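This report covers the packing, the surface and the backbone of one chain. The sequence and the structure come first.

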Amino acid sequence: KRQYQRRVRDQIEEERIKAHNGFITSGRVQGLLAVSRTLGDSFLYPYVTPEPFINVIELSADDEFLILACDGVWDVLSNDEAVQIVRPIIKDPMMASMRLRDYSYLLGSTDNISVMVIDFFP
């Protein structure tokens, strides 16, 4: 299980924001946005940036699939819960994506809900 989520509470992101004379209050950049890297929200630049965090990892035979999702999913589902939802239907990545979207909505997510599931062994 590998994971990485860039959130405002991440120390590296907090330091980057403060280096640009930005601030974090109530877990939000400039008191507005709960994430520090995003597409859109350009009025918060340079505190919030569209520059992606890039992490290069070597995949192993144990890595079955990848879940790419925005915070509307991760606000209401843990990584383990998402895996439990996806694993039984991974051979249909579109259905797995839609199921994660639907679960997130039904669990009360009030943020954007975007999901893409990629099967490494189709």
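A contact is counted here when heavy atoms lie within 4.5 Å of one another. By that criterion, and leaving out residues up to four places away in sequence, Leu-100 touches Ile-67, Leu-77, Ala-82, Ile-85, Val-86, Val-115 and Val-117. The model is predicted.

**Confidence.** The mean pLDDT of the chain is 90, and 93% of the residues score at least 70. Confidence is highest in α4, at 98, and lowest in α2, at a mean of 90.

**Nonpolar cores.** The largest nonpolar core contains 13 residues. Within this core, Ile-67, Val-86, Leu-100 and Val-117 have the most contacts. Two or more residues each come from β3, α2 (71-74), α3 (79-86) and α4 (93-106). Helix α3 supplies the largest share, 3 residues. Another core lies apart from this one and has 8 residues, including Val-8, Val-29, Val-35 and Leu-44. In soluble globular proteins, nonpolar side chains tend to be buried together.

**Nonpolar surface.** Which residues form a nonpolar patch on the surface? They are Leu-66, Leu-68, Met-116 and Ile-118, and together they have about 320 Å² of accessible area. Strands β3 (65-69) and β4 (115-119) each give two or more residues to the patch. Ile-118 is found in strand β4. Its relative accessible area is 31%, and because partly exposed covers values between 20% and 50%, Ile-118 belongs to that class.

**Backbone.** Most residues other than glycine have a negative phi, and most peptide bonds are trans. Two residues with a positive phi are listed below.

| Residue | Phi | Location | Relative accessible area |
|---|---|---|---|
| Asn-21 | near 65 degrees | loop between α1 (11-19) and β1 (24-25) | 69% |
| Asp-41 | near 55 degrees | loop between β2 and β3 | 28% |

Neither Asn-21 nor Asp-41 is a glycine. Are these residues buried or exposed? Asn-21 is exposed, because its relative accessible area of 69% is over 50%. Asp-41 counts as partly exposed, since 28% falls between 20% and 50%.

The loop between β2 (28-29) and β3 also holds Pro-46. A cis peptide bond, with omega about 10 degrees, joins Tyr-45 to Pro-46. The β2-β3 loop therefore contains both Asp-41, with its positive phi, and Pro-46.

Note on methods
Residues numbered from 1 in each chain as written. Predicted model: local features only at pLDDT ≥ 70, side-chain atom pairs only at ≥ 80, totals over all residues. Heavy atoms only, no water. Patch = residues over 30% accessible without salt bridge, like charges linked within 9 Å, V, L, I, M, F, W, Y side chains within 5 Å. Areas by Shrake-Rupley, 256 points an atom, 1.4 Å probe, with all protein chains shown as cover. Salt bridge = Lys/Arg side-chain N within 4 Å of Asp/Glu carboxyl O. Helix = DSSP H or I, 4+ residues; strand = E, 2+ residues; numbered from the N terminus. Buried < 20%, exposed > 50% of the residue type's maximum accessible area, 1.4 Å probe, protein only. Core = buried A, V, L, I, M, F, W, Y, C linked by side-chain atoms within 4.5 Å. pLDDT = per-residue confidence, 0-100.
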